[in-house]
Amino acid sequence: MAFKKKPQHIVVAGMGQGGMVAAIYLGKAGFDVDIYEQAKEGEVSHPWTDDTPVAVFERCGIPMPPKEAYVQKSNWYWVSPGKPRRLKFPGTAPGVEISIDRRMLSAHFASLAKDAGCKIHYETPVKKLMTSGDKIVGVELENGKKVSADLVIDALGINSVLRPQAPAKWGIPAHEADDDLMLGYRAFYKMNPNYVPPEYPDYRACMYLKHMGGAGLSWCNVSPNNTMDMLIGRLYGMTEADMEVMKKDLFERHADQLTDEVVIPGRFIKIGTRYTLSKFVADGYALVGDSAFMSIPLTGCGIESSMDAGVYLAETVIANKGHEMNAKSLWPYQVKFFRKKGALFALIDVLKRWVLNLDGDLVDWVFYKVASPKIVESISGMMFRGMSPIIGVFNILTALPFSLAQLFSKPSILKEIGGVLKAGIHAVLVAFKVPTKYNEQKINEWAAEYEAAIPHKK
Ligand SMILES: Cc1cc2nc3c(=O)[nH]c(=O)nc-3n(C[C@H](O)[C@H](O)[C@H](O)COP(=O)(O)OP(=O)(O)OC[C@H]3O[C@@H](n4cnc5c(N)ncnc54)[C@H](O)[C@@H]3O)c2cc1C
């Protein structure tokens, strides 16, 4: 990009994926990009693998990470809260989704960013936003150094230290509400040497919906390197004692797979499971990824959406052609995110709040009476286990009337489903109506309507 004087300076705070994708694009376009990351080189991101679709790399124009960084994602059992009924959840065809080593993914982004001319400063935490009036003009580092910038990209993740410091004028929510929080506890154990895990892409993963009846999800999986991956997640948080009870339960259920030898010690960690922030741009400042709550509200998956958002942000900055980067010129980035992703996430958030707060007995009833294994397993069979479509469709058609009859036998449930779908569709429509033109008053009115569309706990 041809700048009139010297290139605009961009600070990327944190090596979150969205920030790295934006950095790669902006570096290539000729911007002067500095990336500040608190972790050591080689230790950026979680020491485990997470799942993500492959298509996002091609869509974002980012080369695939090296082959040793990922394996085929395994398929999941979903388990009902009360009685241990396992349903084989439909997975994806081979090559569609991968489990990726998070640290290798970060190293891959770092190498691409360096090739694009970006400078990466490891072990250099950022501390403060520098402001001039309401405009963000740079960051102060933990080491006391002040770095001015035309734009600060906040890719610091869910615990961003910068977000709460954004001047009030921008209305960027500083903290999530109590009922937005999903607290997770994740630990890895050595697998029982006598246990023979299934081959990929068979069912190596087990998701407990409303585990032990609580508002949350837990899992116990055989990870790609054959360690046992345990996660206990709860909306509204949990105490250490609650976690111990659930951990004990998972140890009992997976006694044939688990040993108590710790491979990665357990840690409590916040998971981004709320709808996207109503505002994530300001004069000289843009948030991307978990710092703006861009992950899928039910599952917390955010690698894909933050990479996509990184592209939207970079495209917006490049299209600004070297003019001042203010809330107005950055606004198309927010609009694009809401149109492509945020609106759908609002619907998922409404459904998530409903499902995770349902009575456990009711969810059991759905698992036992409505969700016929024949239907669920035929869908997954046709999708990725080579089941003949004739057999799959026949199975579904024969089981469907029974499931529908069960559903219609409880009109109260139908009424409730109707109510929650109405609330969800309302939330999508409001989110989708994000003003396309920058007008502060209209944007503030929209943000208030969007926040009100999500049914928070009273
Ligand atoms: C237990 C768990 C399981 C998950 N599983 C999945 C999954 O299977 N699939 C999926 O898509 N997503 C998953 N996610 C979510 C996913 O991790 C995030 O949505 C995704 O990484 C986007 O986050 P981010 O890039 O914005 O931030 P992060 O990945 O959190 O990156 C933030 C970066 O900023 C750095 N940083 C923080 N503070 C400072 C500071 N003051 N100064 C400098 N640097 C700083 C951090 O060290 C880190 O490198 C999971 C999350 C958790 C917690």
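Biologist: Two strands pair if DSSP finds at least two bridges between them, so what counts as a helix or a strand here?

Modeller: Both are DSSP runs numbered from the N terminus, with helices being H or I over at least four residues and strands being E over at least two. The model is predicted, so local features need pLDDT of at least 70 and side-chain atom pairs count only at pLDDT 80 or more, while totals for chains, interfaces and linings use all residues. Residues are numbered from 1 along each chain as its sequence is written.

Biologist: How many helices and strands are there?

Modeller: The protein has 11 helices and 19 strands. Of these strands, 6 form an open sheet with mixed pairing, in the order β8-β2-β1-β12-β19-β18. Its edges are β8 (119-121) and β18 (281-282), each of which pairs on one side only.

Biologist: And how do β1 and β12 run, parallel or antiparallel?

Modeller: Strand β1 (residues 9-13) and strand β12 (residues 151-154) run parallel and are joined by 4 bridges. Within that pairing, V12 has I153 of β12 as its bridge partner.

Biologist: What about the overall size?

Modeller: The C-alpha trace spans about 70 × 50 × 45 Å along its principal axes. The radius of gyration, taken over C-alpha atoms, is compared with a globule rule of 2.2 Å times the number of residues to the power 0.38. For 458 residues a compact globule would come out near 23 Å, and the protein's 23 Å agrees with that.

Biologist: How much of the protein is buried?

Modeller: A residue is buried if 20 or more other C-beta atoms, placed from the backbone, lie within 10 Å of its own, exposed if 12 or fewer do, and partly exposed in between. On that count, 41% of the 458 residues are buried.

Biologist: Which domains does the assignment give?

Modeller: The bounds come from an automatic or database domain assignment, which gives domain 1 (9-70 + 95-176 + 275-340) and domain 2 (179-271). The centres of domain 1 and domain 2, taken over C-alpha atoms, are 29 Å apart.

Biologist: How many residues are in contact across the two?

Modeller: Taking two residues to be in contact if their C-beta atoms, placed from the backbone, lie within 7 Å, 8 residues of domain 1 touch 10 residues of domain 2. The side belonging to domain 1 has 3 nonpolar, 4 polar and 1 charged residues, where Ala, Val, Leu, Ile, Met, Phe, Trp, Tyr, Cys and Pro count as nonpolar, Asp, Glu, Lys and Arg as charged, and the others, Gly among them, as polar.

Biologist: Changing topic, what surrounds the ligand?

Modeller: There are 37 residues around the ligand, the closest being G14, G16, G157, G289 and G302; a residue is near a molecule if its C-beta atom, placed from the backbone, lies within 6 Å of it. Elements giving two or more residues to this shell are α1 (17-28), β3 (49-53), β13 (182-191), β17 (258-271) and α5 (303-319). By class the shell has 15 nonpolar, 16 polar and 6 charged residues, and each of domain 1 and domain 2 supplies at least three residues to it.

Biologist: Where does β13 pair?

Modeller: Strand β13 pairs with β16 in the antiparallel sense over 9 bridges, and L183 has R234 of β16 as its bridge partner. Strand β16 (residues 227-235) also pairs in the antiparallel sense with β15 (residues 216-222), over 7 bridges, where S218 stands opposite I232.

Biologist: Is β16 buried or exposed?

Modeller: Because 8 of its 9 residues are buried, β16 is largely enclosed by the rest of the structure. With β15 it forms a hairpin that has 4 residues between the strands, and N226 in the turn has a positive phi of about 60°.

Biologist: Which residue after β16 has a positive phi without being a glycine?

Modeller: Y236, with a phi of about 65°, lies in the loop between β16 and α4 (240-253), and it is partly exposed, with 17 other C-beta atoms within 10 Å. K210 is also not a glycine and has a positive phi of about 50°; K210 sits in the loop between β14 and β15 and counts as buried, with 23 C-beta neighbours inside 10 Å.

Biologist: And what is M207 in contact with?

Modeller: M207, in strand β14 (residues 203-209), is in contact with W76, Y77, W78, V79, L217 and W219, leaving aside neighbours within four places in sequence. With 19 C-beta neighbours inside 10 Å, M207 counts as partly exposed.

Technical notes:
Pairing = 2+ DSSP bridges.
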